[in-house]
Amino acid sequence: MGVLMSRRQTVERVQKVSLAVSAFKDGLREQPSTRRRAEAGTARQGTLEQEVQEGEEEVLAGPSQPEESSASKAAWERLRDGRGVEPEEFDRANRFTPPAFIRPKRELHDDEPPDINLEQREQIVNDEMCEICEVWTAESLFPCRICHRVYHDGCLRRMGYLQKDSAVEVTETAHTETGWSCYYCDNLNLLLTEEEMYSLMETLRNCKIIPESCLTLDDFLHYKHQVHKQQFERTMPEAQEEQAALQFNALDPDKKGHIEWQDFLSHESIQLLQKIRPQNALLRLLTPKERERARAAFLALDQDNDGFIGEGECRQARHTWFRKHQKEMLSCNVSISHVGPISEGSPASSRNGKSPQKILPATKQEETRSIDWPGFLRENVAYILAARPNSAALHLQPLA
């Protein structure tokens, strides 16, 4: 119990410091108007007309900027801190303190090509203790299919990350070939640095996107048109609008007519990463489990073992294995060190028989172009990252 209290106290201390820093920054922004009022009250100078004029300026200054409600401000704060959507109905009496997410920072060597050897297999080892309570209870731990962390379902519930409707799904998929992503890996927005996050927030504000809201097709296309016009100062071509509509359909696999906020945020986060960071920097985001699965997929496609595959095969991997894996896959007994889902093109997954989109045959030009292992990783790294969330949505639609 001492370990548990120590961990909780540490997290609470970090959160208090984070809140204090945020309050200090907010105070700095409000400081000029406060200083004017203090100086006016101390000096007792100026006429009644000046005081009335100052009061009118303050009143007018408020409505000039759209006044956000407390709920909207809280949503923007959760977006900034990467906490995601807060559960509406949650028993907070016995709740664990949520973690204080720390966004990554860019390093000097991030843009250099990483050394990911095809022949050198990586040993996958998961943690032995629950990430939340730091207690070991063996087979009752749920492993993440992306990272090394493991969790108790009870701890996830008390953290607010496992609701009633998702508890059964986690229990059924965590120990299967499909796998389950923890709340760190499920949120692609946590891959953004503070600077990248503020850039995305500014874009969302300028386009009048309300955080934690669902977007219809018209909302999504309007947003894409505004972003394109701000970036290129011209209207978006019709071909790109069609691609945006296809992406909307990929983000709405259940055909609800709208896309969830978390799916929209994940899509925009991976799009921003592609625009800002070079491919070498994206490759450094891959975990050992992801690298090992990509290695297995490439070796399965390299039938003649010459270290090269055709462009058509590379495109096939992008359309199949890097897509969402079907939840109907049969359960299997796997240890918590299992590396995760396997290729849909492999014999073990071919019996599933379901593919979100028909794969187009490779052209002669694609068949003649050869791709080596580093090229395979560079061309598919964005799709590997986009496949992290547990959502059935495709956060990055592969081109036909």
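A polar contact is a pair of N or O atoms within 3.5 Å; within protein, one must be able to donate a hydrogen and the other to accept it, and residues adjacent in sequence count only if both atoms are side-chain atoms. This is a predicted model, in which local features need pLDDT of at least 70, side-chain atom pairs count only at pLDDT 80 or more, and totals for chains, interfaces and linings use all residues. Residues are numbered from 1 along each chain as its sequence is written, and side-chain values use heavy atoms, with hydrogens and water left out.

Q: What makes glutamate 292 and glutamate 122 a polar contact?
A: A polar side-chain atom of glutamate 292 lies 3.1 Å from the backbone nitrogen of glutamate 122. The limit is 3.5 Å, so the pair falls within it.

Q: Why is glutamate 292 called buried?
A: Its relative accessibility is 6%. Buried means under 20% (exposed is over 50%, partly exposed in between; 1.4 Å probe, protein chains only), so the label fits. Glutamate 292 sits in helix H11, residues 288-301. A helix here is a DSSP run (H or I) of at least four residues, a strand (E) one of at least two, numbered from the N terminus.

Q: How do you know that lysine 255 is exposed?
A: Its relative accessible area is 60%, which passes the cut-off for exposed. Lysine 255 lies in the loop between helix H8 (238-251) and strand E4 (258-259). Its phi is positive, about 55°, although it is not a glycine.

Q: What makes asparagine 305 exposed?
A: At 65% relative accessibility, asparagine 305 meets the definition too. Its loop runs between H11 and strand E5 (308-310). Phi of asparagine 305 is also positive, near 55°, and asparagine 305 is not a glycine.

Q: Why is H7 called oblique to H8?
A: The axes of helix H7 (residues 217-232) and H8 come within 10 Å and cross at roughly 135°. Under 35 degrees is roughly parallel, over 145 roughly antiparallel, 65 to 115 roughly perpendicular, and the rest oblique. An angle of 135° fits none of the named ranges, so H7 is oblique to H8. Contact residues (heavy atoms within 4.5 Å) include Phe220 of H7 and Phe248 of H8.

Q: Why is H12 described as roughly parallel to H15?
A: Helix H12 (residues 311-319) and helix H15 (residues 373-386) pack at about 20°, with axes 10 Å apart. That is under 35 degrees, so H12 is roughly parallel to H15. Among the contact residues are Cys314 of H12 and Tyr383 of H15.

Notes
Axes are lines fitted to C-alpha atoms, for helices over the stretch in contact, and angles run from 0 to 180 degrees between N-to-C directions.
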